[in-house]
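Welcome! Here is a short guided tour of a protein chain, written for someone who is new to reading structures. Keep the picture open and look up each place as you come to it.

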Amino acid sequence: MQYDVIVIGSGPGGYVSAIRCAQLGLKTAVIEKYSTFGGTCLNVGCIPSKALLDSSEHYHNAAHNFEAHGIGLSNLKIDVKKMMARKNDVISQNTAGITFLFKKNKIDTYEGVGSFVDKNTIKVAQNDGSTTELKTKNVIIATGSKPTALPFLPIDKKRIITSTEALNLQEVPKHLIVIGGGVIGLELGSVYARLGAKVSVVEYEKSIIGTMDGGLGKELQRVLKKNLGVEFFLGHKVTGATAKGKKVTVTAEDSKGETVSLEGDYCIVSVGRTAYTEGLGLENIGIKTEERGKKIPVNEHLETAVEGVYAIGDVIKGAMLAHKAEDEGIYVAEYIVGQKPHIDYNLIPGVVYTWPEVASVGKTEEQLKEAGVKYKTGSFSFKASGRAKASGDTDGFIKVLADAETDEVLGVHMIGPRAADMIAEAVVAMEYRASAEDIGRICHAHPTFTEAIKEAALAATANRAIHA
């Protein structure tokens, strides 16, 4: 078969890119090694974790918050197997949706491992041992990433597990130890903490969610400790973990070099993710991956060192985010047909789906200070929000950072109810280079959580917040 584009991988970057290629009139094929489409995101990442986060939040609210609303319950219990079945159904609905979209857009699909014979020939090795060779003008590598393993910490996938196994536990852990205070560890830790597990987070750095604005990490740590009893061991270097029977022992060194030992029944290793490039045959076309992280180098058009071969998403530089991969997939499709697309990497939002949610876009205070940019800041607490009081979600705040001279919004950072959805307002405002004054002048519906964005913007503009 002769194709205009072959996409290797069907995660958010791959399937979105393939659909956009087909929309633009390119004969397109997708190669996926697993039996379902959607990659990590739909099968063992974003979607199943959000399903469990929602289920666990319902249970936690029923157990701890319903009484305040005048709702009485008795004999409340968790059916973990049913919770997991619902999560699996959500996965099936989403992956089936991609199958439908591929058929709708007349995209050919091949199940197997795709690898380069040369830059215009891709071999597909099927599970039954047979192989097929496909010809193409362009290739988009969208093979994603896998959990990073620590060489001194063997993962047995039973007691010492990754995020993949954590999404399929058939019981609520008594004591869950989470190695890594980043997005994945905190989300999965909060799932099981809500269901009644004792959760301990061991993090090498002195703060959690270290890539985000420092104030967000401090507030999230406070809230998770207060609401869910999560304990944190920050500034601790993990030295090992062993599993024996139903017990896991994790050892670490604190900042003074003293040994700390934790015992639990499960341990999630969530210290990041590594680009997945194994088996692609990159050496056959002269592409070398970076030493650290195994990422594929690309130019400003996301093209590799080989003409006509592109890479997107987790296999290239930048944040490992599904929506970044999607935008890059669309960018490459449009670039191939001669359009002039654009991505502003400064305006790709980051989100942590704990409760309260955490979301951020633009520059952090730490980045502005390091760059010597003169800025002003305005914050607004959800404690002063009428809507938040009504729903009982008063933890958190919104912070707006604006240029000291021009008032242009440089960053927006929030922790609070529905922050994952609210951050879009900040992204739109910054895309059009809005000032804090602009946001403060926009009429926001009352009562809503988004009024807190307006109040924070007003606070950044001559300290004019009305309800603070």
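## A briefing on this chain

Ala241 counts as buried, with a relative accessibility of 7%. Please keep in mind that this is a predicted model. The points below begin with Ala241 and its hairpin, then move on to a sheet, a pocket, some buried residues and a few unusual backbone spots.

**Ala241 and its hairpin**

- You can find Ala241 in strand E12, which covers residues 237-244 and runs antiparallel to strand E13, residues 247-253.
- Seven bridges hold this pairing of E12 and E13 together on paper, that is, they join the two strands.
- Directly across from Ala241, in E13, stands Val250.
- E12 and E13 make a hairpin, and two residues lie between them.
- Gly245 sits in the turn of that hairpin and has a positive phi of about 65°.
- Not counting residues up to four places away in sequence, Ala241 touches Leu153, Pro154, Ile160, Thr249 and Val250.
- Ala241 counts as buried because its 7% relative accessibility is under the 20% cut-off.
- Pro297 is 56 residues from Ala241 in sequence, and their C-alpha atoms are 34 Å apart in space.

**An open sheet of five strands**

- Which strands form the open sheet, and in what order? The five strands are ordered E8-E15-E9-E10-E11, and their pairing is parallel.
- E8 (160-161) and E11 (231-234) are the edge strands; each has a single partner strand, so one side of each has no neighbour in the sheet.
- Inside this order, E9 (residues 175-179) and E10 (residues 198-203) run parallel and are joined by five bridges.
- To see one facing pair, look for Ile177, which stands opposite Ser200 in E10.

**The second largest pocket**

- The second largest pocket has a volume of about 860 Å³.
- Its lining is made of 33 residues, and those closest to the centre are Glu57, Asn61, Asn65, Trp355 and Asp393.
- Four helices each give two or more residues to this lining: H3 (46-64), H7 (214-228), H10 (386-391) and H11 (419-431).
- Which element gives the largest share of the lining? That is H3, with eight residues.
- Sorted by class, the lining of the second largest pocket holds 11 nonpolar, 11 polar and 11 charged residues.

**Two more buried residues**

- Is Met414 buried or exposed? Met414 is buried, because its relative accessible area is 0%.
- Met414 belongs to strand E22, residues 409-416.
- Beyond its neighbours within four places in sequence, Met414 has contacts that include Leu216, Glu357, Phe397, Met422 and Ile453.
- Met414 and Ala452 are 38 residues apart in sequence, while their C-alpha atoms are 9.6 Å apart in space.
- Glu328 lies in helix H8, residues 322-336, and counts as buried at 0% relative accessibility.
- Leaving aside neighbours within four places in sequence, Glu328 is in contact with Leu302, Ile312, Gly313, Ile316, Ile343 and Tyr345.

**Cis peptide bonds**

- Trp355 and Pro356 are joined by a cis peptide bond with an omega of about 5°.
- Pro356 is in the loop that links strand E18 (350-352) and strand E19 (357-362).
- His446 and Pro447 are also joined by a cis peptide bond, here with an omega of about 0°.
- Pro447 is in the loop between helix H12 (436-441) and helix H13 (451-460).

**Positive phi outside glycine**

- Lys106 is not a glycine, yet its phi is positive, at about 55°.
- The loop between helix H4 (80-104) and strand E3 (108-111) is where Lys106 is found, and Lys106 is exposed, with a relative accessible area of 71%.
- Arg433 is not a glycine either and has a positive phi of about 55°.
- Arg433 is found in the loop between H11 and H12, and at 59% relative accessibility it counts as exposed.

**From the UniProt record**

- An unreviewed UniProt entry places the feature "domain: FAD/NAD(P)-binding" at residues 3-329.
- Over residues 3-329 the chain is 31% helix and 27% strand, and the C-alpha atoms at the two ends are 17 Å apart.

Conventions
Residues are numbered from 1 along each chain as its sequence is written. This is a predicted model: local features need pLDDT of at least 70, side-chain atom pairs count only at pLDDT 80 or more; totals for chains, interfaces and linings use all residues. Side-chain values use heavy atoms; hydrogens and water are left out. Buried means under 20% relative accessible area, exposed over 50%, partly exposed in between (1.4 Å probe, protein chains only). Contact means heavy atoms within 4.5 Å. UniProt positions are given in the numbering used here, feature names are shortened, and annotations may be inferred rather than shown by experiment. On a 1 Å grid over the protein atoms alone, a cavity is a set of points where a 1.4 Å probe fits but cannot get out, and a pocket is an open set with protein on both sides within 12 Å along at least five of seven lines; lining residues have an atom within 4 Å of a point. Grid points are joined across faces, edges and corners, and a volume is the space filled by probe spheres set on the points. Ala, Val, Leu, Ile, Met, Phe, Trp, Tyr, Cys and Pro count as nonpolar, Asp, Glu, Lys and Arg as charged, and the others, Gly among them, as polar. Two strands pair if DSSP finds at least two bridges between them.
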